[in-house]
Amino acid sequence: MKTYFRLLSFAKPLGKFAIPYTLVTAVAILFNTLNFALLAPFLNTLFATDNCNTGVQQGGSGIMGMFNAFSTNAILEYGRWGALQRVVAIIVVCNIIANLFRYFSQWIMENLRVHTLLNLRKAVFFNVMDLHLGYFSNERKGDIISKIASDVQTVQFSVTGTLQVVFKEPVQLIAYLFMLFAISPTLTIYALLFIPVSGLIIGRIVKRLKQQAHESQRSFGMMISYLDEALSGIKIIKAFNAVDFIKAKFHDENKHYSSVTRSMAKRQQLASPVSEAMGVIMVSAIVLYGGYLIIHSDSQLQAADFITYIAIFSQVMRPAKAITDSFSNIHQGLAAGERVLQLIDEKPKIVDSTNAVAITSFEDSIEFKDVSFAYEDKPVLNNISLFIPKGKSVALVGPSGGGKSTLMDLLPRFIEPSSGDILIDGKSISALKTDSVRSLMGIINQESILFNDTIFNNIAFGKPEATAEEVEAAARIANAHEFILNTDKGYQTNIGDRGMKLSGGQKQRISIARSVLHNPEIMLMDEATSALDTESEKLVQDALNNLMKNRTSLIIAHRLSTIQNADKIVVLDNGTIVETGTHQELLAQNGLYKKLIDMQAFNE
């Protein structure tokens, strides 16, 4: 129940919906119950003898006595036809009122459902966006997507739907039972003996649903993950003739998911016919017992009242069945809810300190002081110390796995050092607001991250107030303006998913234009030209040179020829700085840098 109430907290302010829902539902239940209770005066009126004074049942006690007295008085005053007209008119009015207020209750509940879905999805997505980058390295993207899309939807329909059942159906059931007791307490007590038996049988049917629902949601998340991987890597899949392998992988998970959902459906669908069958058995038993009492004159129950009793009792199973169905559905909702709450409860490992301050400008230097980092138990950086003055360019080179990208990721606080400190203008970045630190930086990676939107919006990403003139100026600096004009709609051309309509060089120049428009004081470039052909590399390198003018730059380069003019080159090997200096100084040292230069020259 703890999970249920936590999920229900996303419906706040609950009173905004619960109070009007309670009122209109109560009215709907009242008039719906009256519809069946009015069967007694209807039947009395319909089958009364011509001699009204002797043929019509006179009064009685309780509610049914009031109804019978009403039909008797109506017949005496208006005749059988006039009385029948009035009774039917009252039944029609009650039915209209009941259905009108039922519509209002459903409309209010739908608003509650949509409101809950809005808040729940917002909470999940916002929390995911706040998580540290390391979280996404350990989780399947498809599973995250499944939780935000499918699981939240399941919670919406099962948990909030149960809320509707929890109030409406028990109250309706109580109203029916009240009328049954009013008509015949003896018959009602006899009938109630069957309900625990029915509940026990149905309870055993739905017992394993929650466990199966957990497995169903997990399997669905795996399928979404496989789908995402297949669509993202379709070129590689086809290039390596791995289509059949991917098909088999997806199909196996699909079969497992289908098997689990089939088993769940079997249990859920079994609950409904069992409850209906139990209902028919109960009604049949009531008919036999009540008929016996009437035939043998062992009861004061009149024929019209008995028929009314049977009609109301037949409706008792509807709210009982709805309650049963809700118990079978709630397990699936709670299983999905637990997965959603797990994502909401995930806390970012990198957060601002309570007294963190914003940094508004970069004035002096960046300094790494004895910085170490490890992925779990695997050391990546060991006691790195590096000083970068403002306006200087520093290149990081070395063998793969040496820790270059890790060192760069530490600066915008994508990850945290295991020990040591990183200072900007003498202030530890852990004492600064992370957003303000990142606002000083522009980042260009080997893989250009673009969005399925127009060229204009991709360049203006992060600065939506940018004017057309500013975007065009940034594109010119990035050597992108000419090819943009040659696209179908210029700056309003949609570039497709991840920029698939553009070449590698074009995508990279769009990324550079985005950074130019952002106008950062510190540039971080990780293998920005390594994946490009020679012609594209020259255009991109020229754009990067334009971007780096008068900026502090930290550069990782695979092609060492592109960083020979850097103010300082730092050579990393196995997480340690082994050499530093300018290009000429490092060549003169005849160390690892010279070896890397020679190897690259030989390969080229």
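# Briefing: salt bridges, helix faces and cores

Let's start with Arg 413, which is buried at a relative accessible area of 3%. Its salt-bridge partner is Asp 352, and the closest N and O atoms of the two are 3.8 Å apart. This is a predicted model, and its protein chain holds 22 helices and ten strands. Here is a friendly tour of the details, grouped by topic.

**The chain as a whole**

- Of the 604 residues in the protein chain, 46% are buried.
- The exposed area of the protein chain is about 30,900 Å², with carbon and sulfur atoms supplying 58% of it.
- Among contacts in the protein chain with a separation of 6 or more, 78% come from residues 24 or more positions apart.

**Salt bridges**

- The count of salt bridges comes to seven.
- The pair of Arg 413 and Asp 352 joins distant parts of the chain, 61 residues apart. Arg 413 sits in the loop between helix H14 (404-410) and strand E4 (419-424), while Asp 352 sits in the loop between helix H13 (303-345) and strand E1 (365-375).
- Asp 352 is partly exposed, because its relative accessible area of 37% lies between the 20% and 50% cut-offs.
- A network of salt bridges links Asp 352, Arg 413 and Glu 416.
- In helix H5, the side chains of Arg 113 and Glu 110 form a salt bridge of 2.7 Å, N to O. About one helical turn separates Arg 113 and Glu 110, because they are three residues apart in H5.
- Arg 113 is buried, with a relative accessible area of 9%, whereas Glu 110 is partly exposed at 34% relative accessibility.
- Arg 476 and Glu 472 form a salt bridge too, their closest N and O atoms being 2.9 Å apart. They are four residues apart in helix H17, so about one helical turn separates them.
- Both ends of that bridge are partly exposed: Arg 476 has a relative accessible area of 46%, and Glu 472 has one of 30%.

**Helix H17 and its cover**

- Val 471, Ala 474 and Ala 475 are buried in helix H17 (residues 468-477). They lie on the same side of H17 because they cover an arc of only 100° around the axis.
- The cover over the buried residues of H17 includes helix H16 (455-459), helix H18 (481-485) and helix H19 (504-518).
- Asn 479 follows H17 and has a positive phi, near 55°.

**Helix H8 and Thr 188**

- Leu 187, Thr 188 and Ala 191 are the buried residues of H8. They line one face of the helix, because they fall within an arc of 100° seen down the axis of H8.
- Thr 188, in helix H8 (residues 185-192), counts as buried at 1% relative accessibility.
- The side chains of Thr 188 and Tyr 309 are joined by a polar contact of 3.0 Å.
- Setting aside residues up to four places away in sequence, Thr 188 touches Leu 180, Phe 181 and Tyr 309.

**Asn 99 in helix H5**

- Asn 99 lies in helix H5 (residues 62-130) and is partly exposed at 31% relative accessibility.
- Its side chain makes a polar contact of 2.5 Å with the side chain of Arg 102.
- Asn 99 and Val 27 are 72 residues apart in sequence, yet 9.9 Å apart in space, C-alpha to C-alpha.

**Nonpolar cores**

- The largest nonpolar core has 43 residues, of which Ile 459, Ile 484, Ile 512, Ile 563 and Tyr 593 touch the most other members.
- Another core, apart from that one, has 31 residues, including Leu 410, Ile 424, Val 570 and Leu 572.

Notes:
Residues are numbered from 1 along each chain as its sequence is written. This is a predicted model: local features need pLDDT of at least 70, side-chain atom pairs count only at pLDDT 80 or more; totals for chains, interfaces and linings use all residues. Side-chain values use heavy atoms; hydrogens and water are left out. Helices (H or I, at least four residues) and strands (E, at least two) are DSSP runs, numbered from the N terminus. Buried means under 20% relative accessible area, exposed over 50%, partly exposed in between (1.4 Å probe, protein chains only). A polar contact is a pair of N or O atoms within 3.5 Å; within protein, one must be able to donate a hydrogen and the other to accept it, and residues adjacent in sequence count only if both atoms are side-chain atoms. The arc is that of the directions from the helix axis to the C-beta atoms. Contact means heavy atoms within 4.5 Å. Accessible areas come from the Shrake-Rupley method with a 1.4 Å probe; for residues, only the protein chains shown count as cover. A nonpolar core is a set of buried Ala, Val, Leu, Ile, Met, Phe, Trp, Tyr and Cys residues joined through side-chain atoms within 4.5 Å. A salt bridge is a side-chain nitrogen of Lys or Arg within 4 Å of a carboxyl oxygen of Asp or Glu.
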